[in-house]
Amino acid sequence: MEQDIFNYTELLQQIKARVAIAQKRAIYAANEELLLMYWDIGKLLSDSKKRIGWGNGAIEQLSKDMKNEYPKIKGFSTRNCQFMMQFYNEYNHELTNTKQAVSYLSNIPIKQLSWSHNIVLMQRVKDIKARYWYMVQCVKNNWGREFLINAIKQDYYHSYGALTNNFNSTLPEIQAEQVGSMLKDPYIFDMLTFTDEYNERDVEIGLVKHIEKFLMEMGKGFAFLGRQYHIEVSGKDFYIDLLMYNTFLHRYIVIELKKGEFQPEYIGKLNFYCSAIDDILCHDGDNQTVGLLLCQGKDRIMAEYTLRDVNKPIGISDYELDKALPQNANFGLPSIEDLENKLNEELNNNL
């Protein structure tokens, strides 16, 4: 009987998994068909405009007629019809029919993204290479629309994968690429502003206080496990500045945060922490721990030399804080006296 229960449970899981696959395929197929419809409508509108030369009033009328004809179907607002035209014109490479469009769209990740993702990319990313990179990241890392907008604002295209690291020599090729694309340089902690002297501990406390923004800046899949995370090695106590776990990479991320410029001696301690976390916390299914050193500047050549013979995967990245305003800065309007003096000076110069 127990064997029958086990077999039934296994059978149920297999069927549920197959249903989930079918659901995903149906969603992808529906999304692809929607994008192809928008492509075709965009082509019709664009070609008609070129032949006849109508203005925006025609699209407004078309929007009203389509809403009357298909009241339950959304997506025919004036603005969305304009987006359809832009969608076609942005990617049109002398394609003459839908079959060619299907072939072209299959070679880039457009059809794997929602229409709202595509609108964001068309409106905010004009560099085609950068746009393609964002498409790939959305698909690989399951970026939502809001996360994509934030990534574009912070220029992830130029910062992701730019940090100094030894991933290629310490990780398998695929993992090295995954970790490298997940981390970036620099990190912008613009939620923190210090007007007085501060130290690393102040920055740590500030990041934890603004944990939601901190996690957003770190990227997709990061979970915060603790600040000054305690570990014990050989009967001695050690405290890791920040410990995180990435659910996509399935690995712990040990973060050491330093004020000021990079120094080679920082890496030895970080390497030690990575080894300790591998032994103390890692279980089956966890990949090798990665170390991330955050400092306020680095000599790249010095950093590369330091990492050359280190056996744990470690990256070195800069971090930037919000610039504090000078305490004696005066941003108010000029006084009446200042205006009068300025006016008198100009009148005297013109006499």
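Which elements do the buried residues of α13 pack against? Keep that in mind while we get our bearings; this is a predicted model.

**Whole chain.** Start with everything in cartoon. The protein chain has 15 helices and seven strands. Switch on a surface, and about 20,900 Å² is exposed, with carbon and sulfur atoms supplying 52% of it. Of the 351 residues, 39% count as buried. If you like contact maps, take those contacts between residues at least 6 apart in sequence: 65% of them join residues at least 24 apart.

**Helix α13.** Now select residues 265–280, which make up helix α13. Put a distance between the end C-alpha atoms and you should get 24 Å. At 1.5 Å a residue, a helix of 16 residues should span 22 Å, so the two values agree. Next, show side chains for Y266, I267, L270, N271, Y273, C274, A276, I277 and D278, which are buried in α13. Time to settle the opening question: colour β3 (222–233), β4 (236–246), β5 (251–257), β6 (287–295), α14 (300–307) and β7 (314–321), because these are what the buried residues of α13 pack against.

**The largest nonpolar core.** Move to the 37 residues of the largest nonpolar core, and pick out Y91, W115, L121, Y134, W143 and L148, the members that touch the most others. Helices α1 (2–52), α2 (56–69), α3 (78–91), α5 (115–124), α6 (128–141) and α7 (145–153) each supply at least two residues of this core. Which helix gives the largest share? Select α3, with seven residues.

Now centre on Y134. Setting aside neighbours within four places in sequence, Y134 is in contact with L121, V125, W143, L148, A151, I152, D155, Y156 and Y157.

**A second core.** There is also a separate core of 28 residues; to find it, select A176, V203, I253 and L294, which are among its members.

**Cysteines.** Last stop: how many disulfides does the structure hold? Zero. Click on C282 to see one cysteine that is in no disulfide: the nearest cysteine sulfur belongs to C274 and is 9.6 Å away. You met C274 earlier, as one of the buried residues of α13. Is C282 buried or exposed? Buried, with a relative accessible area of 18%, which falls under the 20% cut-off. Finish on C81, also buried, where the relative accessible area is 1%.

Methods. Residues numbered from 1 in each chain as written. Predicted model: local features only at pLDDT ≥ 70, side-chain atom pairs only at ≥ 80, totals over all residues. Heavy atoms only, no water. Helix = DSSP H or I, 4+ residues; strand = E, 2+ residues; numbered from the N terminus. Expected span 1.5 Å × (residues − 1). Buried < 20%, exposed > 50% of the residue type's maximum accessible area, 1.4 Å probe, protein only. Contact = heavy atoms within 4.5 Å. Areas by Shrake-Rupley, 256 points an atom, 1.4 Å probe, with all protein chains shown as cover. Disulfide = S-S within 2.5 Å. Core = buried A, V, L, I, M, F, W, Y, C linked by side-chain atoms within 4.5 Å.
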